[in-house]
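Okay, thanks for coming, everyone. I'll put the structure up and then walk you through it.

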Amino acid sequence: MRDDLQTRFIQLYREDADELNTRLHIELSNSLLSPQASLSPKYFYDTLGSRLFQAICALPEYYPTRTEAAIFTQYRQQMAESIGTGSTMIDLGAGDCAKAASLFGALRPEQYVPVDISVDFVRGAVESLQHTYPQIDMLGVGMDFSARLDLPDEVRREKRLFFYPGSSIGNFTLREAIALLRRMRLSCDDDGGLLIGVDLVKDKNILEPAYDDALGLTAAFNLNILNNINRLLGSDFELKDWQHKAFYHPDKQRIEMYLEARRDLAVRWQGKQRDFVRGERIHTENSYKYTPESFIGALNEAGFARTRMWTDEQGWFAVFHATP
Ligand code: AVI
């Protein structure tokens with residue numbers, strides 16, 4: 001094994017703390033004061049929220065994680081044949097890098113680029129992976145790829161393969177999803193592509209328990225956003241005053257998550273106040289579900305003309321390899 005392993009890390013566009021704080025306060029105040037109050041799902045993921053999400057992935061009701069993992073296990077070789085070896089694998093929202101690492105044996109990438117909002121989220125995982133896979137050049141990048149996707153020059157241009165598992169694309173509106181897919185398309189040459197996991201439309205009786213489990217983990221995940229907002233904004237949300245709600249909306253083909261006020265109440269922060277009546281809701285997340293056709297349509301619109309799809313026996317989840 002090489003003993004000169006030097007994994008590199010780059011953090012892009014770190015705003016100064018004051019600027020960030022001001023922007024965050026304006027954004028959060030506006031969304032809480034609008035007639036339909038809302039909070040962006042990006043605020044779920046503080047330290048506890050990330051752990052709760054990991055626990056959700058192990059729930060019997062939350063089928064996406066295990067279904068996607070089974071698709072990767074069953075079709076790894078076919079995926080490798082479709083993708084080819086020697087890619088520059090760019091893992092968007094890499095976290096613990098485990099899903100990408102499970103494909104290293106089959107895909108044998110030349111370079112691995114885990115991207116997450118903060119480079120510190122991937123540092124430990126990449127350093128230990130680098131020891132297991134000394135032949136792969138690894139470069140951790142910290143950036144908010146939902147806003148822009150201009151990768152540093154150290155990322156190879158050859159055979160870029162964007163890797164976006166877990167149906168995270170479902171947390172964007174169709175418009176935002178196409179814009180993000182288009183950014184990926186523009187960032188790769190004609191030899192590049194995308195490997196993406198997408199949750200599919202299915203019966204409400206399967207979908208709703210996945211977002212409202214018997215143990216109450218999704219309820220805790222949803223409520224914990226208020227702890228994070230209290231910390232970020234200095235607001236005085238009382239968690240006991242709110243309850244978790246999740247519904248499947250068949251016309252919009254999406255799960256909608258809310259926090260519902262249990263009584264009439266007021267929330268205060270920095271000289272501002274929002275009154276809520278009993279039963280009023282704060283919208284916290286959408287999770288869109290696609291049909292194979294509707295997702296292929298989105299890929300085509302983003303500039304990916306050729307697609308290949310793998311799915312499970314029940315047709316609950318799909319993995320697409322899309323190329324220009
Ligand atoms: C991260 N994302 C794909 C999850 C989903 O299924 O939309 C977030 C989640 N929300 C509640 N449970 C899981």
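**The sheet and what packs on it**

So, what we have here is an open sheet of eight strands, with mixed pairing, and the order is β1-β4-β3-β2-β5-β6-β13-β12. The edges are β1, residues 8-11, and β12, residues 306-311, and each of those pairs on one side only. On average, neighbouring strands in this sheet are turned by 20° against each other, ignoring direction. Before I go on, keep in mind that this is a predicted model.

Let's start with β3, residues 111-116. How buried is this strand? Six of its six residues are buried, so β3 is largely enclosed by the rest of the structure. You can see that on both faces: Gln111, Val113 and Val115 are buried on one side, and Tyr112, Pro114 and Asp116 are buried on the other.

Now the partners. β2 runs parallel to β3, and five bridges join the two. If you want a spot to click on, leucine 92 has valine 115 of β3 as its bridge partner. To get from β2 to β3 the chain goes through α4, and that β-α-β crossover is right-handed.

Over to β4, then. β3 and β4 are also a parallel pair, with four bridges. Valine 115 turns up again here, with valine 141 in β4 as its bridge partner. The helix in this unit is α5, residues 120-132, and β3, α5 and β4 together make another β-α-β unit that is right-handed.

Back to α4 for a second, residues 98-107. This helix lies across β2, β3, β4, β5 and β6, and runs at about 165° to β2.

Moving along the sheet, β5 (residues 160-164) and β6 (residues 193-199) run parallel, joined by four bridges. Tyrosine 164, for instance, has isoleucine 196 in β6 as its bridge partner. Lying across β5, β6, β12 and β13 is helix α3, residues 63-83, at about 30° to β13.

Last stop, the second largest pocket, with a volume of about 220 Å³. Which residues are closest to its centre? Of the 16 that line this pocket, they are Ser82, Ile83, Gly192, His321 and Thr323. The elements giving two or more residues to the lining are α3, β5, β12 and β13. The largest share is from β12, with three residues, and β12 is the edge strand I pointed out at the start.

That's my tour, so over to you.

Key: Residues numbered from 1 in each chain as written. Predicted model: local features only at pLDDT ≥ 70, side-chain atom pairs only at ≥ 80, totals over all residues. Heavy atoms only, no water. Pairing = 2+ DSSP bridges. Axes fitted to C-alpha atoms, helices over the stretch in contact; angles between N-to-C directions. Contact = heavy atoms within 4.5 Å. Buried < 20%, exposed > 50% of the residue type's maximum accessible area, 1.4 Å probe, protein only. Right-handed = clockwise from strand over helix to strand, strands pointing away. 1 Å grid on protein atoms, 1.4 Å probe; cavity = no way out; pocket = protein on both sides within 12 Å on 5 of 7 lines; lining within 4 Å. Points joined across faces, edges and corners; volume = space filled by probe spheres on them.
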